[in-house]
Amino acid sequence: MSKELVKDRVIEYLVEELKVPENMIEVDTPLSEYEEGVEGTIDITVVIEDETESILPLMVVQCLDEDIELTESVVEAQMDYLELIDETTHVGRMILTNGDQMMYADWNGTDLDDEEQLPTYDRMIEEYKLAEKEYNEHVANHGDCGEDCDHEH
């Protein structure tokens, strides 16, 4: 199965199993849409439209050809690119898949043993809104201190 067929299967899974609205799935999004000058493409992006009508990524999926087994060396070879995607988009939730096997990672360090535990679209939105609320409260209390913040939250 080609990478394109893997993408099609993943999109079908996102819509049917995780209840992602089709219009909230982007395919082959250039990283330069998130940060000028960054090269590369995100295979599949699950997005949300915020109050200001900005499109924000909730989860990205990078697809491999079905013939490529997700061995430790294959995953390690993909890590630099996945880190680049995360640094560029600040998405915090990623899947690497060959359509049969998958690796899931998120900011919470969730380690999934089976795909049944993947968050639904509604849950991703809830988690996004909670994180946004916590960030806004932090800024209100401490200002925007960036990633090097060392006071208690």
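Student: Which residues does Lys-7 touch, not counting residues up to four places away in sequence?

Tutor: In this predicted model, Lys-7 touches Val-27, Asp-28, Asp-43, Ile-44 and Cys-63. Lys-7 itself lies in helix 1.

Student: Why is Lys-7 called buried?

Tutor: The relative accessible area of Lys-7 is 4%. Buried means under 20%, so Lys-7, at 4%, is buried.

Student: What makes the pair Glu-4 and Lys-7 a salt bridge?

Tutor: The closest N and O atoms of Glu-4 and Lys-7 are 3.2 Å apart. The cut-off for a salt bridge is within 4 Å, between a side-chain nitrogen of Lys or Arg and a carboxyl oxygen of Asp or Glu. The pair therefore counts as a salt bridge. As a general point, side chains of opposite charge can pair when their charged atoms come close.

Student: How are Glu-4 and Lys-7 placed in helix 1?

Tutor: They are three residues apart in helix 1, and are therefore separated by about one helical turn.

Student: Is Glu-4 called buried, exposed or partly exposed, and why?

Tutor: Glu-4 has a relative accessible area of 45%. Partly exposed is the range between under 20% and over 50%, so Glu-4 is called partly exposed.

Student: Which residues are linked with Lys-7 in a network of salt bridges?

Tutor: The network links Lys-3, Glu-4, Lys-7, Asp-28 and Asp-43. Two of these names have already appeared among the residues that Lys-7 touches, namely Asp-28 and Asp-43. A search of the whole structure finds eight salt bridges.

Student: How do you know that Glu-66 and Arg-9 meet in a salt bridge?

Tutor: Their N to O distance is 3.6 Å. That value is within 4 Å, so the pair qualifies. The pair links distant parts of the chain, with Glu-66 in the loop between strand 3 and helix 2 and Arg-9 in helix 1, 57 residues apart.

Student: Why is Arg-9 called partly exposed?

Tutor: The relative accessibility of Arg-9 is 37%. This value is neither under 20% nor over 50%, so Arg-9 is partly exposed. The partner Glu-66, with 29%, is partly exposed by the same reasoning.

Student: What makes Glu-127 and Arg-93 a salt bridge?

Tutor: The N to O distance for Glu-127 and Arg-93 is 2.2 Å. It is within 4 Å, so their side chains meet in a salt bridge. This pair also links distant parts of the chain: Glu-127 is in helix 3 and Arg-93 in strand 4, 34 residues apart.

Student: Why is Arg-93 called buried, and why is Glu-127 called partly exposed?

Tutor: Arg-93 has a relative accessible area of 8%, which is under 20%, so it is buried. Glu-127 stands at 24%, between the two cut-offs, and is therefore partly exposed.

Student: What makes a group of residues the largest nonpolar core, and which residues have the most contacts inside it?

Tutor: The members of a core must be buried, must belong to a set of residue types such as Val, Leu and Ile, and must be joined through side-chain atoms within 4.5 Å. The largest such group here has 23 residues, and those with the most contacts inside it are Leu-14, Val-20, Ile-44, Val-46, Met-59 and Tyr-121. Helix 1, strand 2, strand 3 and helix 3 each give two or more residues to this core. The largest share, five residues, comes from helix 1. A second, separate core of 13 residues includes Val-38, Val-60, Leu-70 and Val-91.

Student: Why are strand 1 and strand 5 called edge strands?

Tutor: The open sheet has five strands in the order 1-2-3-4-5, with mixed pairing. Strand 1 (25-30) and strand 5 (102-106) are the edge strands: each pairs on one side only.

Student: How do you know that strand 1 pairs with strand 2?

Tutor: Pairing requires at least two bridges. Five bridges join strand 1 to strand 2, so the two strands pair, and they run antiparallel. Within them, Thr-29 stands opposite Ile-42 in strand 2.

Student: Which strands does helix 1 lie across?

Tutor: Helix 1 lies across strand 1, strand 2, strand 3 and strand 4, and runs at about 20 degrees to strand 2.

Technical notes
Residues numbered from 1 in each chain as written. Predicted model: local features only at pLDDT ≥ 70, side-chain atom pairs only at ≥ 80, totals over all residues. Heavy atoms only, no water. Buried < 20%, exposed > 50% of the residue type's maximum accessible area, 1.4 Å probe, protein only. Helix = DSSP H or I, 4+ residues; strand = E, 2+ residues; numbered from the N terminus. Contact = heavy atoms within 4.5 Å. Axes fitted to C-alpha atoms, helices over the stretch in contact; angles between N-to-C directions.
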